[in-house]
Amino acid sequence: MAELPESADRDILEGRTILAVKKIREAQGCSLHQAVDLYHQRYGELHPEPDAARETPRPRMLRFERDGSLVALEGLQDSQKPES
């Protein structure tokens with residue numbers, strides 16, 4: 001990744017997207033489109049995705065109970081699903 005000013009990283013971390021993109025454009029002398037691409041790349045470096053978020057989502061089953069409440073059963077294998 002191209003060298004960015006520390007203030008751009010602070011803006012990214014604190015959610016000031018427009019200011020961060022502006023600083024990236026000034027530092028790199030690039031187009032808005034390129035600055036947004038660099039912003040997204042740097043955002044990913046500063047906010048790494050936890051391993052759990054990378055996993056394939058497990059199946060979810062929603063079921064209405066007799067009393068009218070809704071129950072969400074998450075991550076069940078086919079063999080664990082309750083009978084309807």
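What joins the side chains of Asp67 and Ser69? A polar contact of 2.7 Å does, and the close-ups below get to it after a tour of the helices. This is a predicted model, in which local features need pLDDT of at least 70, side-chain atom pairs count only at pLDDT 80 or more, and totals for chains, interfaces and linings use all residues. Residues are numbered from 1 along each chain as its sequence is written, and side-chain values use heavy atoms, with hydrogens and water left out.

**View 1. The whole chain has four helices and two strands.** Helices (H or I, at least four residues) and strands (E, at least two) are DSSP runs, numbered from the N terminus. Reading from that end, the order of elements is α-α-α-α-β-β. Of the 84 residues, 17% count as buried; buried means under 20% relative accessible area, exposed means over 50%, and partly exposed is in between (1.4 Å probe, protein chains only). Among contacts with a separation of 6 or more, 25% come from residues 24 or more positions apart, where contact means heavy atoms within 4.5 Å.

**View 2. Helices H1 and H3 pack at an angle of about 75°.** Their axes are 10 Å apart. Axes here are lines fitted to C-alpha atoms, for helices over the stretch in contact, with angles running from 0 to 180 degrees between N-to-C directions. H1 and H3 are therefore roughly perpendicular to each other. On the H1 side the contact is made by Asp9, Ile12 and Leu13, and on the H3 side by Tyr39, Arg42, Tyr43 and Leu46. For the wording: under 35 degrees counts as roughly parallel, over 145 as roughly antiparallel, 65 to 115 as roughly perpendicular, and the rest as oblique.

**View 3. Two residues of H1, Asp9 and Arg10, get a closer look.** H1 covers residues 6-13. Is Asp9 buried or exposed? Asp9 counts as buried because its relative accessibility is 16%. Leaving out residues up to four places away in sequence, Asp9 touches Arg42 and Leu46. Arg10, in contrast, is partly exposed, at a relative accessible area of 40%. The C-alpha atoms of Arg10 and Ala20 are 8.2 Å apart, with 10 residues of separation along the chain.

**View 4. Ile24 sits in helix H2 (residues 17-28).** With a relative accessible area of 0%, Ile24 is buried. Once neighbours within four places in sequence are set aside, the contacts of Ile24 are Leu4, Ala8, Gly29, Cys30, Ala35, Leu38 and Tyr39. If you want a distance to check, the C-alpha atoms of Ile24 and Gln34 are separated by 9.2 Å, and these residues are 10 apart along the chain.

**View 5. Tyr39 and Tyr43 form a tilted aromatic pair in helix H3.** How many aromatic pairs does a search of the whole structure find? The search turns up one. In that pair, Tyr39 and Tyr43 are 6.1 Å centre to centre, with 40° between the planes. Rings of Phe, Tyr and Trp (its six-membered ring) pair if their centres lie within 6.5 Å; planes under 30 degrees apart count as stacked, over 60 as edge-to-face and the rest as tilted. Both tyrosines lie in H3 (residues 32-46), four residues apart, about one turn of the helix. Tyr39 counts as buried at 7% relative accessibility, whereas Tyr43 is partly exposed at 36%.

**View 6. Strands E1 and E2 form a hairpin with five residues between them.** E1 (residues 60-64) is hardly covered, and zero of its five residues are buried. E2 takes up residues 70-74, and the strands pair in the antiparallel sense over five bridges; strands pair if DSSP finds at least two bridges between them. Met61 has Leu73 of E2 as its bridge partner, and Phe64 stands opposite Leu70 in E2.

**View 7. Asp67 lies in the loop between E1 and E2.** Asp67 is exposed because its relative accessible area is 64%. Here is the opening contact again: the side chains of Asp67 and Ser69 are joined at 2.7 Å. A polar contact is a pair of N or O atoms within 3.5 Å; within protein, one must be able to donate a hydrogen and the other to accept it, and residues adjacent in sequence count only if both atoms are side-chain atoms. Gly68, also in the turn, has a positive phi of about 95°.
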